[in-house]
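Please open the model in a viewer and display the protein chain as a cartoon. The tour below proceeds from the whole chain to individual elements.

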Amino acid sequence: MDHYKLLTPGPLTTSATVKQAMMADWCTWDDDYNIDIVQKIRFQLIELATTKKGYSSVLMQGSGTASVESVLGSAIANNEKVLVIDNGAYGKRMAQICQVLKVNHQVIHYTETTQPSINEISEALAQDKTITHLAMVHCETTTGMLNPVEEVAAICRQANIVFILDAMSSFGGIEFDIGNLDIGFMISSANKCIQGVPGFGFIIAKHSLLEQCKGQAKSLSLDLYDQWQTMENSQGKWRFTSPTHVVRAFAQALKELAGEQGISARSKRYAKNQSLLVHGMRELGFEPLLPTQLQSPIITSFLSPQESQYDFKRFYLALKSQGFVIYPGKVSNADCFRIGNIGEIFPEDIEKLLSAIAKSRYWL
Ligand SMILES: *Cc1c(COP(=O)(O)O)cnc(C)c1O
């Protein structure tokens, strides 16, 4: 029997060929590995992110959070300050990183179902002229909300603020050009919309801003500048043991993204998956948590059924036995569950999932 499909925000279902790419061992000192694979990946990531010049990329060991921590802990000098926008668990995590690393910061908090206010952000920047950076999540995976990246980018550009974007769950799944948005640092990871496996994250950043990170890191292993310099000067070498198998899988995933005709085609598949999902779920009596205009095409939160006998664990196991793994909710003020539609997931899978859910409802 096929392994079940992951309808989760990552790790997600990958293709058989991506998994196959991990079935060999590689030497990190050998040219086959460094020059052929790592440097190509770094170059391809920049090409996917922007058509503008002046950007470079850095790969960083660890889960996505390590890359976020690397940026926040390296980019903001002691006499600088970052404004963190929090409307979900990942915005909160950025604020927490600043707190732990003792990075000067200020946070604007919103509830998880509220979009950040452009006016409030403008005002905060106008009121505190010591703010030099702004950090926001693109797709808040907590709820599936898409944050107003273009509007915030415009404010940052006007106010001469460096925009740090956590595009972990959106890069590769939604079309945007970080150069057009003038983003300073964009962060994502291997196991989201590029459809690789977990093990490293990556940062695509302005060359000039990476230069400024020199000597500022608050961590040794997450020093963004040192990692970048080593990759630049030693032809793709990682400072410490690199996740070789994961990197091989990622190179294959990039090949498959190109084979699918790039981000524009992939984003259309995801959007189709998501609209089929919401339409089908509505027919089955489920309601999405967010209004359509705030919803991303990546992951959707649905309100839990009102029936008193509903139990997430039983619902989850009923779906798992039919080949689908869904995700618990993460919203503090609403009882919900989440269904992701990224990864090697196609409209046929969504149709099958909907039939499985229709059956599972009888067992609630
Ligand atoms: C997945 C994700 C992260 C990183 O999470 P890890 O568990 O560290 O990989 C960060 N931000 C967002 C928005 C995410 O979706």
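The stops that follow each name a selection and describe what is found there.

**Before starting**

This is a predicted model, in which local features need pLDDT of at least 70 and side-chain atom pairs count only at pLDDT 80 or more, while totals for chains, interfaces and linings use all residues. Residues are numbered from 1 along each chain as its sequence is written, and side-chain values use heavy atoms, with hydrogens and water left out.

**Stop 1: the whole chain**

Select the protein chain, which has 12 helices and 14 strands; helices (H or I, at least four residues) and strands (E, at least two) are DSSP runs numbered from the N terminus. Its radius of gyration is 20 Å, close to the 21 Å that the globule rule gives for 364 residues, so the chain is as compact as a globular protein of that length. That radius is taken over C-alpha atoms, and the rule is 2.2 Å times the number of residues to the power 0.38. Along the principal axes, the C-alpha atoms fill a box of roughly 60 × 55 × 35 Å.

Buried residues make up 57% of the 364 residues; buried means under 20% relative accessible area, exposed over 50%, and partly exposed in between (1.4 Å probe, protein chains only). Of the contacts (heavy atoms within 4.5 Å) between residues at least 6 apart in sequence, 72% join residues at least 24 apart.

**Stop 2: strand β14 and its neighbours**

Select residues 336-340, strand β14, where 5 of its 5 residues are buried. Cys336, Arg338 and Gly340 lie on one side and Phe337 and Ile339 on the other, and both faces are covered. In a regular strand the side chains alternate between the two faces of the sheet.

Next, add residues 299-303, strand β11, which is joined to β14 by 5 bridges and runs antiparallel to it; two strands pair if DSSP finds at least two bridges between them. Threonine 300 has isoleucine 339 of β14 as its bridge partner.

Then add residues 327-328, strand β13, which is antiparallel to β14 and joined to it by 2 bridges. Here tyrosine 327 stands opposite arginine 338, and proline 328 is the bridge partner of phenylalanine 337. The three strands form an open sheet in the order β11-β14-β13, with antiparallel pairing. β11 and β13 are the edge strands, each pairing on one side only.

**Stop 3: helix α8 and its cover**

Select residues 224-233, helix α8, of whose 10 residues 7 are buried, so the helix is largely enclosed by the rest of the structure. The buried residues are Leu224, Tyr225, Gln227, Trp228, Gln229, Thr230 and Met231. Their cover includes α2 (31-49), β2 (55-61), α3 (64-75), β9 (185-189), β10 (200-206) and α7 (207-212).

**Stop 4: strand β2**

From that cover, select β2, in which 7 of the 7 residues are buried, so the strand is largely enclosed by the rest of the structure. One side carries Tyr55, Ser57, Leu59 and Gln61, and the other carries Ser56, Val58 and Met60. β2 pairs with β10 in the antiparallel sense over 7 bridges, and methionine 60 stands opposite glycine 201 in β10.

**Stop 5: asparagine 119**

Is asparagine 119 buried or exposed? Select this residue in helix α5 (residues 118-127): asparagine 119 is exposed, with a relative accessible area of 58%. To finish, place a distance label between the C-alpha atoms of asparagine 119 and threonine 143, which are 24 residues apart in sequence and 23 Å apart in space.
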